[in-house]
Amino acid sequence: MRIIPFREFWKSFVELLYCNVCIHCGRLLNESESHLCLHCLSELALIRNNATAKKQIESVFWGRIPVKEVAAYMRFVKGGISQAMLHDLKYHDNKKIGIWMGELFGLELKTDPRFASIDCIIPVPLHPSKMRLRGYNQSEL
């Protein structure tokens with residue numbers, strides 16, 4: 001018979017009450033998963049170094065402000081995993097997913113030679129009324 005340390009027992013008990021589930025499909029997450037199960041994470045519409053996507057993103061800024069380089073982490077798909085993630089962040093006050101998404105995007109940027117010399121990343125400002133309503137700027141996370 002194995003004696004379970006109290007800390008391990010307590011952690012298992014809390015996880016039983018507050019199950020960590022995938023925010024998209026609702027499956028139980030294992031210890032190595034965070035916010036999304038591996039299946040949903042693999043289905044995420046990541047942009048990576050897609051030249052067509054880069055041109056689409058750049059076109060948003062044409063004639064407005066000069067930009068040297070643009071990047072995006074994932075494509076927004078209505079009803080998809082990206083929508084579930086963003087809605088959980090923006091409307092369900094899940095700040096942890098914003099931090100997690102930022103870490104994932106940061107890892108992508110670190111491997112992209114176009115951004116090897118950047119000094120900082122600036123979040124998109126949030127309208128003051130949205131800031132009062134939400135209480136935080138999700139792009140800062």
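**Close-up 1. Asp-93 follows helix α4 and has a positive phi.** In this predicted model, the phi of Asp-93 is near 55°. Asp-93 is not a glycine, although its phi is positive. Most residues other than glycine have a negative phi. Asp-93 sits in the loop that runs between α4 and α5. With a relative accessibility of 47%, Asp-93 counts as partly exposed.

**Close-up 2. His-35 also has a positive phi.** Its phi is about 70°, and His-35 is not a glycine. His-35 is found in the loop between α1 (6–17) and α2. Is His-35 buried or exposed? His-35 counts as buried, because its relative accessibility is 15% and the cut-off for buried is under 20%.

**Close-up 3. Helix α4 has buried residues covered in part by two other helices.** The buried residues of α4 are Ile-81, Ser-82, Gln-83, Ala-84, Met-85, Asp-88 and Leu-89. Which helices are included in what covers them? Among them are α2 and α5.

**Close-up 4. Helix α5 covers residues 95–110.** Helix α5 has 16 residues. From its first C-alpha to its last, α5 reaches 23 Å, close to the 22 Å expected at 1.5 Å a residue. Buried in α5 are Ile-97, Gly-98, Trp-100, Met-101, Leu-104 and Leu-109. These buried residues pack against α2, which spans 38–43, and against α4, which spans 81–91.

**Close-up 5. Cys-25 and Cys-22 are not joined by a disulfide.** How far is the sulfur of Cys-25 from the closest cysteine sulfur? The distance is 3.7 Å, and that closest sulfur belongs to Cys-22. A disulfide needs two cysteine sulfur atoms within 2.5 Å, so 3.7 Å is too far for a bond. Cys-25 counts as partly exposed, at 35% relative accessibility.

**Close-up 6. Cys-40 and Cys-37 are not joined by a disulfide either.** The cysteine sulfur closest to that of Cys-40 is in Cys-37, at 3.6 Å. This distance is too far for a bond, because the cut-off is within 2.5 Å. Cys-40 counts as buried, with a relative accessibility of 2%. How many disulfides does a search of the whole structure find? The search finds zero.

Technical notes:
Residues are numbered from 1 along each chain as its sequence is written. This is a predicted model: local features need pLDDT of at least 70, side-chain atom pairs count only at pLDDT 80 or more; totals for chains, interfaces and linings use all residues. Side-chain values use heavy atoms; hydrogens and water are left out. Buried means under 20% relative accessible area, exposed over 50%, partly exposed in between (1.4 Å probe, protein chains only). Helices (H or I, at least four residues) and strands (E, at least two) are DSSP runs, numbered from the N terminus. The expected span of a helix is 1.5 Å times one less than its number of residues. Contact means heavy atoms within 4.5 Å.
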